[in-house]
Amino acid sequence: MQEWSSARHRTAIGRGDLSMPVRQALSDRVFETSSSILDYGCGRGQDVARLSQMGMDATGWDPFFAPDTSLVESEVVFLNYVLNVIEDTNERRDTLDRAWKLSSRVLVVSSRLKWELNSARGTESGDGIVTSRNTFQHFYSPSELRTLVEEVTGRRCVSPSPSVVYVFRRDEDRFAYLAQGTIVGFEWTDSQDYASAVTELVSFTEERGRPPLFEEIPADLLPLLGRLSRRSMLELINKAASPERVAAGVKRSTLDTLLYLGTSIFSGRASFVDLPLNVQADIRHCFKSYREACARADRLLAKIRDDTYIRGAMRNSPGKLTASALYVHRRAVPKIPVVLRLYEHCGSIAAGRPSGWNILKLDHRGRRVSWSAYPDFDTDPHPTLDWTYGVEMTSLESGFQRFGGRANRPLLHRKEEFLDPEDPEVEKYRRLTAAEVRVGLYQNPTLIGHEDGWEAELQRCGVSLRGHRVIKRR
Ligand SMILES: C[S@@+](CC[C@H](N)C(=O)[O-])C[C@H]1O[C@@H](n2cnc3c(N)ncnc32)[C@H](O)[C@@H]1O
């Protein structure tokens, strides 16, 4: 073991569950469960133990805890929370380089982030701090981490969330991962017989606007279809599928594909043959050519810079439109115009979309995407803000602010305005707002944006809230 100037091994904490980056990579399906996995700088090895318990082929190496593990190339390599404990910038690069050389398919890198600095105590040292336990921490900004990984690996990277970066060895894997984020996959349900298998083919066709490719049909469904030729299958589907639903499916696939091609400009646009097969099929079905699809995606992308166009799209969108931005609940995001979905996707590609958000904010004065969390949105009539994370689209600078635990937090009113009008909760929220207006709670709009002002107004009006109902105070 090398001589370290800080007690790096002390940064390895015990935890009761899989670490966040491992959970993220599993839920993003960036590797198959049969892949070989190496946890480089595995600490006490809890992720390795859990992945092994889940039946996966996982090993861990750590200069302090597991120095004798032989280092062999693996399909997936994790380098989790290691770079941030290394004091020396050159050693960070060497460590990253070593981890990258060991991964044959995908490297997952994660680190602690700048905004955690507020909760960490220590004395400044180099570009980080040394704590009272003599551990070192350098807190990265999301763009700093990504730039470092891109420089060392020489590959384009993608960030599924602010503190995690994926580097794929093959471009096709990166394209497939990105397609997953924009093109909603069809959820096949188990079929027991020929009739239910055919029903599944029809549902796929109505959902995606085209019949499935042979490669898209799950292996366990194929035997149920017997020797059905492609031509007979298409005839069957044509007879059974609803033309209106298929037309809606074509529209959905067209928009999803434009979204995918629009964002792919940031992470390298693939040649047609390198695209995932489902995307190739969508393009063949919904556009005249790949060139036409790319041109339309580029036009859409250009519209993001057009203030008038963006404001027009926001006026036609579900969500609350203010003098500077549109606010939309996560449930309504699939219903916003495609140019706004692309705007949000560009933000997520630039800075990583955090998990746990439920309100999206898109500025129309300037370009900024923010995701915020109001954890009790559904149950609290006036949910309070827990945190917000945003990225400035011109500088790509991102920032995080935590409000949870503070006094006098910002809170929401008129929750129905953030939702799609067809959302089942809208009626209940509308009734509450109408009752609140009747008792005079919105007479002083400048006072009610934070908890204290709102509480004062409730008192002034002599009311309180029980669930989503206004009641008189005793
Ligand atoms: C914060 S812990 C992270 C452990 C584990 N990856 C996790 O997420 O729980 C940092 C670990 O990095 C290890 N480490 C320190 N320098 C390293 C280096 N140059 N290469 C690989 N690992 C290193 C330390 O021994 C320590 O166990």
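Which side chain does that of Lys 101 join in a polar contact of 2.7 Å? It's Asp 97, and the pair gets its own close-up below. A heads-up before the panels: this is a predicted model, where local features need pLDDT of at least 70, side-chain atom pairs count only at pLDDT 80 or more, and totals for chains, interfaces and linings use all residues. Residues are numbered from 1 along each chain as its sequence is written, and side-chain values use heavy atoms, with hydrogens and water left out.

**View 1. Lys 101 in helix α3 and its partners.**
Lys 101 is found in α3 (residues 89-102); helices here are DSSP runs of H or I with at least four residues, strands are runs of E with at least two, and both are numbered from the N terminus. With 56% relative accessibility, Lys 101 counts as exposed (exposed is over 50% relative accessible area, buried is under 20%, partly exposed is in between, using a 1.4 Å probe and protein chains only). The side chains of Lys 101 and Asp 97 make a polar contact of 2.7 Å. That term covers a pair of N or O atoms within 3.5 Å; within protein, one must be able to donate a hydrogen and the other to accept it, and residues adjacent in sequence count only if both atoms are side-chain atoms. As for the spacing of such pairs, an α-helix has 3.6 residues a turn, so residues three or four places apart point the same way. Leaving aside neighbours within four places in sequence, Lys 101 is in contact with Glu 73 and Arg 169 (contact means heavy atoms within 4.5 Å). The C-alpha atoms of Lys 101 and Val 72 are separated by 9.9 Å, with their positions 29 residues apart along the chain.

**View 2. The ligand and its surroundings.**
Here 20 residues surround the ligand, and the closest are Arg 8, Arg 15, Gly 41, Asp 62 and Asn 80; to be included, a residue needs a heavy atom within 4 Å of the molecule. Three polar side-chain atoms are worth picking out, each paired with a nitrogen atom of the ligand: one of Arg 8 at 2.9 Å, one of Glu 91 at 3.1 Å and one of Thr 95 at 3.3 Å. The protein covers 96% of the 600 Å² of accessible area that the ligand has on its own, with areas from the Shrake-Rupley method and a 1.4 Å probe.

**View 3. Asn 84, tucked into a loop.**
Asn 84 sits in the loop between β3 (74-80) and α3. Its relative accessible area is 1%, so Asn 84 is buried. A polar contact of 2.8 Å links the side chains of Asn 84 and Gln 137. Beyond four places in sequence, Asn 84 also touches other residues, including Ser 110, Arg 112, Phe 136 and Tyr 140.

**View 4. Thr 131 in the β6-β7 loop.**
Look for Thr 131 between β6 (128-130) and β7 (136-137). The side chains of Thr 131 and Thr 135 share a polar contact of 2.7 Å. Not counting residues up to four places away in sequence, Thr 131 touches Arg 121 and Gly 122.

**View 5. Helix α9 and Ala 297 of α10.**
The buried residues of α9 (residues 277-286) are Val 279, Gln 280, Ala 281, Asp 282, Ile 283 and Cys 286. They pack against α5 (171-182), α6 (194-208), α8 (243-267) and α10 (290-303). Ala 297 belongs to α10 and, at 0% relative accessibility, counts as buried. Setting aside residues up to four places away in sequence, Ala 297 touches Leu 258, Leu 261, Gly 262 and Arg 269. Ala 297 and Leu 261 are 36 residues apart in sequence, yet 5.9 Å apart in space, C-alpha to C-alpha.

**View 6. Ser 317 between α11 and β10.**
Ser 317 is in the loop between α11 (307-315) and β10 (320-321). With a relative accessible area of 10%, Ser 317 is buried. Its contacts beyond four places in sequence are Leu 326, Ile 336, Pro 337 and Leu 340.

**View 7. Positive phi at Leu 396 and Asn 408.**
Leu 396 isn't a glycine, but has a positive phi of about 60°. Leu 396 lies in the loop between β14 (387-392) and β15 (398-402), and counts as partly exposed at 38% relative accessibility. Asn 408, also not a glycine, has a positive phi of about 55°. The loop holding Asn 408 runs between β15 and α13 (426-438), and Asn 408 is partly exposed at 30% relative accessibility.
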